Each structure stands twice: as C-alpha cells, then as structure tokens.
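This briefing gathers a few local features of the structure shown below, grouped by topic. Please read it alongside the sequence and the coordinates.

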Amino acid sequence: FTQSAQVSPGLPAPPARPLVPDPYVKAYNSSIKNFEITNEATLKIEWKTSIGTITSLGAYTRRKMKEYFDIDGTYADLTFIRAKLYFSTWQESLVYNITAIDNLDLLVGGDYYHDFRETRPNFTTAGGNLVQLSFNQQRNESYAFYVDATYKVTDRISLNVGGRYAHDSSYINFLVYSGTGALTTPPNPRNVSFSKFIPRASVRYQIAPQTNVYASFSKGYKP
C-alpha cells in the first residue's frame, strides 16, 4: 500500500519545497477521482410449443466511468489526465429444443454479441495547460447460427452431427488533437471481419450404463 499526500495550496511552489516529500509517499497536487455507474438488465423467456421449447436469453450492460489522474507522482503541476469512458454490451441467445421426433434430440439456435466502447474525450494537461485531446472508439460484434442433432440408432448407439456458422467483426478508430486544436493523429478507422462454417460429427457406443466409447470429428475456429 502506498500512501498519498495532496499538496496544501498554502505551501510554496517548487523548488522552495521538495517535489517528493518521502520515497514511500505518492505525492500529487490534483484531485484523484474515479466514478463509475453501471446499469444491467437480463431477460429470459421460455415458450413451449407442440414440438419443443424455445428459450430466449438476453442481457444488456451500460457503464459510464470518469477518471482523474495526477500521474507524475510529485507536488509539481506537471501532468494531469481526465478520461471519460462509455461501455455498452448486448448479448442474445435463442435456442429451439425440438423433442417431438422419435429417437432424435434436435437443437436449432443462434447467438448475438455486440460490445461498444469509446472515450469522450481524454484531456491531458501539463503545467495547467491543455496539451492533448484524444478520442477512441472500439466495437466488437459477432453472431452465429447452429444446428445440433443426436439420433439414437439403438439403445447403445448414438449418432451426433452438427454445424455452426460464425461471423466476427471488429472496428477501431483513434484520433488526437493538440492543445491548440491541431489534428496531430488523423482518424484511422480499421475494420476486420471473419466468417467460417464449423462442422462436427461423432458416434458413441455405450458399453455399460456409465461406460462409453466414441469417435468424433470437428473443426475449430479462432477469429
């Protein structure tokens, strides 16, 4: 644990006073604060039909943060940063579990994920003067559709086949202004995306009530 000491306005400015009063004390001359507000909501809906059950799971999170840093670690008015960050995340899953077909367990579903974050903006000052404004945006989005079927050939043999189509995309943009308003780092948005179909299949044989042997084939996917 590192102690913190805030300089009194009545003390003289450096070099009339030492910049760091003690090597084991973190000094600062500006207020250090961290505020956070988080709102979350979840929703689950189930609908039983004549052939199975549809289940919807959804979640939403929104978070706001304000952070104030005096990062130089001295009593001198050297560097100060103020940041405002905003986050929002939405997730949704929809699954249809079909059980009306003899000897067949069938799942049909989809997933969706959306994450967005940005700064509005980050201020950096030096000696009390504004030296930099920075803005940042980042977005990650993905969705997938899948089918999974397990068929009981006999009481001991089960055959499973399935497939999943996945799509992922990411976006980022960053720009920086100087304290005078000049654009020092122009916008450079980048957007990448990946898509892939992922199959899988397996066969299982039950030797005993708690003993099985199986063979499987599957492909992986990493965006």
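S178 counts as buried because its relative accessibility is 16%, and the cut-off for a buried residue is under 20%. The model is a predicted one, and the points below take up the surroundings of S178, the salt bridges and a nonpolar surface patch.

**S178 and its surroundings**

- S178 lies in strand β8, which covers residues 157-178.
- When residues up to four places away in sequence are left aside, S178 is in contact with V131, Q132 and T184.

**Salt bridges**

- The structure contains six salt bridges, among them the pairs K44 and E46, D111 and R164, and D148 and R200.
- Between K44 and E46 the side chains meet with an N to O distance of 3.7 Å; K44 counts as exposed because its relative accessibility is 55%, whereas E46, at 47%, counts as partly exposed.
- The side chains of D111 and R164 form a salt bridge with an N to O distance of 3.4 Å, and this pair connects distant parts of the chain, since D111 belongs to strand β6 (residues 104-126) and R164 to strand β8, 53 residues apart.
- Both partners of that bridge fall in the partly exposed class, D111 with a relative accessibility of 27% and R164 with a relative accessible area of 31%.
- In the salt bridge of D148 with R200, the closest N and O atoms are 2.4 Å apart, and here too distant parts of the chain are linked, with D148 in strand β7 (residues 129-152) and R200 in strand β10 (residues 190-208), 52 residues apart.
- The two partners differ in their class of accessibility: D148 is buried, because its relative accessible area is 14%, while R200 is partly exposed, with a relative accessible area of 45%.

**Nonpolar surface patch**

- Y151, V153, L159, V161 and V203 together make a nonpolar patch of about 400 Å² on the surface.
- One of these residues, L159, is located in strand β8 and counts as partly exposed because its relative accessibility is 41%.

**Strand β8 across the topics**

- Strand β8 recurs in each of the groups above, as it holds the buried S178, the salt-bridge partner R164 and the patch residue L159.
- Within this strand, S178 is buried at 16% relative accessibility, whereas R164 at 31% and L159 at 41% are partly exposed.

Methods:
Residues are numbered from 1 along each chain as its sequence is written. This is a predicted model: local features need pLDDT of at least 70, side-chain atom pairs count only at pLDDT 80 or more; totals for chains, interfaces and linings use all residues. Side-chain values use heavy atoms; hydrogens and water are left out. Helices (H or I, at least four residues) and strands (E, at least two) are DSSP runs, numbered from the N terminus. Buried means under 20% relative accessible area, exposed over 50%, partly exposed in between (1.4 Å probe, protein chains only). Contact means heavy atoms within 4.5 Å. A salt bridge is a side-chain nitrogen of Lys or Arg within 4 Å of a carboxyl oxygen of Asp or Glu. Patches are made of residues with over 30% relative accessible area and no salt bridge: like charges are joined within 9 Å, nonpolar side chains (Val, Leu, Ile, Met, Phe, Trp, Tyr) within 5 Å. Accessible areas come from the Shrake-Rupley method with a 1.4 Å probe; for residues, only the protein chains shown count as cover.
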